[in-house]
Amino acid sequence: MRRGERRMHGGAPGKAALEEQPPPPSQPNGGAPGVERDGAGLRRSTESEVYDDGTNTFFWRAHTLTVLFILTCALGYVTLLEETPQDTAYNTKRGIVASILVFLCFGVTQAKDGPFSRPHPAYWRFWLCVSVVYELFLIFILFQTVQDGRQFMKYIDPHLGVPLPERDYGGNCLIYDPGNATDPFHNIWDKLDGFVPAHFFGWYLKTLMIRDWWMCMIISVMFEFLEYSLEHQLPNFSECWWDHWIMDVILCNGLGIYCGMKTLSWLSLKTYKWQGLWNIPTYKGKMKRIVFQFTPYSWVKFEWKPASSLRRWLAVCGIIFVFLLAELNTFYLKFVLWMPPEHYLVLLRLVFFVNVGGVAMREIYDFMDDPKFHKKLGQQAWLVAAITATEFLIVVKYDPYTLTLSLPFYITQCWILGITLVLTWTAWRFFIRDITLRYKEIQRQKQEHRHEKDKCLSNGDGHSALLDEPSGNKSWERKP
């Protein structure tokens, strides 16, 4: 719901005037059949009710002219007062950075708003424009040769562009190592590095994006199976069994999912009543209002219901597939572009996906749950899908040999069995089961018709019913 669509009585038109309003609904409830909305057609049954006094402060007003003036002054300073260096490489870098900044300024002030408005719509417009820049960068890398693409990374960081050293990731998998008298649990302590809290916070944020316990657990477990399946391709997929299932699935991922579900429960029960900061009399209330500015403006509970229809089932399977592919791209991109795991570019990519992933999931859910009201896939969701596909294509081009290493025979058998079970269940749930239910319904109607016919015969109307049966049973419509 947009800010200002539902206000308390007496509220003046506020920030809603600066945002795009949804088109008038084509149906009485403003959505697709089966999608419940309130009487005004503005709120789904799974969306929280919002009260807003409509205060429109300087913080929410458009500043397009101000940004244009500052940008023009900065470019004028560089043109008139700054001497251009004679370093071609430096000028090229600075020109590219300046071009990106100008594009970001344009996008932040002029791009279309997404579904989120907190802490500020400009924040999400910024990440939308960053998505465009990142996709263009990936396209550029895709069109380079393998050697040129890897060496181009030196322009970003001179330490890049060199092959990664071999590292042992599996090693000794004993939980208790009796051969090490000083610290027999050294294998466990060696695994407790900075990636442990990263796993926890990563899955906490993923849970806030997906908003479903089952989907999160399926993605978490399936990624561990993918690591088992692909450890012959990437050495850092080779982990101890207790690292896979105890430290990752149960402790880091499981605890992150649990905390995320608790946060979702709090957000679904929270009262969304907003006042302007200067309309709050107490300082405590003002500080609380500033903190809540970084919480959602409203809340929508995601009800994926994958088994309700073939369309939703395929959509949920597609979401899981893209999630897993994006996770794999993290490791394969580091491998093919020669980036060490601790490099800041790897961290920046994760921060990027954290910010764009939530918007993309909300747009996908809206498009899937209410296609009559949301007639096309959202812009951020479109870009995230394009980025994930482009990253995978870079991996395919830069190291096809690693990707084509054949799976071990037992791994292939497991995947064939899993895919067969999924396809079998899909065929049964959405085709065979429907045909069976339809056949049973026809048989039930025939049985009821036969029962009515026998009842009429027992009442002495058999001669009339038998005569009229070949002509379409029209006698049943006549009055006695």
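**Notebook: salt bridges, a cavity and a greasy patch**

I started with Glu82, which forms a salt bridge with Arg94, the closest N and O atoms being 2.4 Å apart. Glu82 sits in the loop between α1 (64-80) and α2 (88-110) and Arg94 in helix α2, so the pair ties together parts that are 12 residues apart in sequence. For the record, a salt bridge here is a side-chain nitrogen of Lys or Arg within 4 Å of a carboxyl oxygen of Asp or Glu. Helices are DSSP runs (H or I, at least four residues), numbered from the N terminus.

Note to self: this is a predicted model, where local features need pLDDT of at least 70 and side-chain atom pairs count only at pLDDT 80 or more, while totals for chains, interfaces and linings use all residues. Residues are numbered from 1 along each chain as its sequence is written, and side-chain values use heavy atoms, with hydrogens and water left out.

I checked exposure next: Glu82 is partly exposed at 28% relative accessibility, and Arg94 is partly exposed at 27%. The cut-offs are under 20% relative accessible area for buried, over 50% for exposed, and partly exposed in between (1.4 Å probe, protein chains only).

I found 9 salt bridges in the structure. One of them joins Glu448 and Arg444 at 2.4 Å, N to O. These two are 4 residues apart in helix α14 (residues 409-458), which means about one helical turn between them. Glu441, Arg444 and Glu448 are linked in a network of salt bridges.

Then I looked for cavities, meaning sets of points on a 1 Å grid over the protein atoms alone where a 1.4 Å probe fits but cannot get out; lining residues have an atom within 4 Å of a point. There are 2 of 30 Å³ or more, and the largest has a volume of about 70 Å³, taken as the space filled by probe spheres set on the points. Its lining includes Lys112, Trp124, Arg125 and Glu363. Helix α3 gives the largest share of that lining, 3 residues.

Last, I looked up a nonpolar surface patch of about 910 Å², made by residues including Tyr176, Trp189 and Trp241. Such patches take residues with over 30% relative accessible area and no salt bridge, nonpolar side chains (Val, Leu, Ile, Met, Phe, Trp, Tyr) being joined within 5 Å. Areas come from the Shrake-Rupley method with a 1.4 Å probe. Helix α8 (residues 241-269) supplies the largest share of the patch, 4 residues. Tyr176 is in the loop between α4 (146-156) and α5 (186-191), partly exposed at 47%.

Methods. Patches are made of residues with over 30% relative accessible area and no salt bridge: like charges are joined within 9 Å, nonpolar side chains (Val, Leu, Ile, Met, Phe, Trp, Tyr) within 5 Å. On a 1 Å grid over the protein atoms alone, a cavity is a set of points where a 1.4 Å probe fits but cannot get out, and a pocket is an open set with protein on both sides within 12 Å along at least five of seven lines; lining residues have an atom within 4 Å of a point.
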